[in-house]
Amino acid sequence: MYGHNRALFCLCDVTDYPQFEAAFQTTVSVFGGLDIVVNNAGIFNDRFWELEVDVNLNGVIRGTLLALSFMGRDRGGRGGTVVITGSTLGLRPCACVPIYTATKHAIIGFTRSFGDPFHMNLSGVRIIALCPQSTCTETNAEDMKKGILSPAYEPVWRREYENRPFQPVQNVGRALIHVLVKGTSGSIWTVDNQNPPREVKFTSSP
């Protein structure tokens with residue numbers, strides 16, 4: 001649709017650093033450079049919490065460090081943007097999936113810290129997080145319920161998710177474009193339902 005050699009598929013497991021690095025190297029060799037990295041890989045399953053942490057948090061760290069090594073001006077790159085896919089659960093507690101929620105809270109701290117002007121001035125790379133609310137993907141709410149740590153958590157799960165609307169993926173896609181244009185380094189954005197994205201404002205540190 002968009003022309004020959006405009007897209008490239010690389011098999012990549014974000015828990016495997018050499019394979020992840022190879023995907024970056026292949027992309028740069030084919031297209032001649034790198035401008036935007038979207039750290040989007042994630043799983044929702046507290047029953048396999050070690051893998052969940054490795055994908056949701058360690059995968060984001062690996063992807064960001066690789067992005068900085070390929071795009072950072074202090075590494076000979078031309079700068080760029082990293083967008084990390086978080087979740088609105090990174091901004092509030094969620095009793096039914098505490099481990100998943102912990103990974104998303106960690107992403108917020110990671111983004112705000114690496115998005116500090118010190119790092120931006122050093123590398124020329126913006127670090128931004130986009131935190132969608134529940135979104136319609138191939139996994140529905142009932143499938144997601146299988147990822148809670150214990151059947152005893154089901155009443156809390158139903159309270160949180162049974163009647164919650166799931167936004168279309170197109171709304172998240174539009175939000176990504178908005179954030180790429182408007183987002184400053186270290187900023188955190190949410191998007192839900194059919195609403196435009198909103199930047200989250202934090203109080204200053206003491």
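Which helices and strands do the buried residues of H3 pack against? The points below address this question and the surrounding sheet in what is a predicted model.

1. Packing of H3. The buried residues of this helix pack against two helices, H2 (49–71) and H4 (117–123), and against the strands S2 (80–85), S3 (125–132) and S4 (188–191). The buried positions in H3 are Ile99, Tyr100, Thr101, Thr103, Lys104, Ile107, Ile108, Phe110, Thr111 and Phe114.

2. Length of H3. Helix H3 covers residues 98–114, and its 17 residues should span 24 Å at 1.5 Å a residue; the C-alpha atoms at its ends lie 24 Å apart, so expectation and model agree.

3. The sheet. Five strands are arranged as an open sheet in the order S1-S2-S3-S4-S5, with mixed pairing. Strand S1 (36–39) and strand S5 (198–199) form the edges, each pairing on one side only. Within the sheet, S2 and S3 run parallel and are joined by six bridges. Val83 has Ile128 of S3 as its bridge partner.

4. Thr81. This residue belongs to strand S2. Thr81 has a relative accessible area of 7%, which is under 20%, and therefore counts as buried. The side chain of Thr81 makes a polar contact of 2.8 Å with the side chain of Arg126.

5. Surroundings of Thr81. When neighbours within four places in sequence are left aside, Thr81 is in contact with Asp35, Ile36, Val37, Met71, Val125, Arg126, Ile128 and Leu180. Arg126 thus appears in this list as well as in the polar contact with Thr81, while Ile128, also in the list, is the bridge partner of Val83.

Note on methods
Residues are numbered from 1 along each chain as its sequence is written. This is a predicted model: local features need pLDDT of at least 70, side-chain atom pairs count only at pLDDT 80 or more; totals for chains, interfaces and linings use all residues. Side-chain values use heavy atoms; hydrogens and water are left out. Helices (H or I, at least four residues) and strands (E, at least two) are DSSP runs, numbered from the N terminus. The expected span of a helix is 1.5 Å times one less than its number of residues. Buried means under 20% relative accessible area, exposed over 50%, partly exposed in between (1.4 Å probe, protein chains only). Contact means heavy atoms within 4.5 Å. A polar contact is a pair of N or O atoms within 3.5 Å; within protein, one must be able to donate a hydrogen and the other to accept it, and residues adjacent in sequence count only if both atoms are side-chain atoms. Two strands pair if DSSP finds at least two bridges between them.
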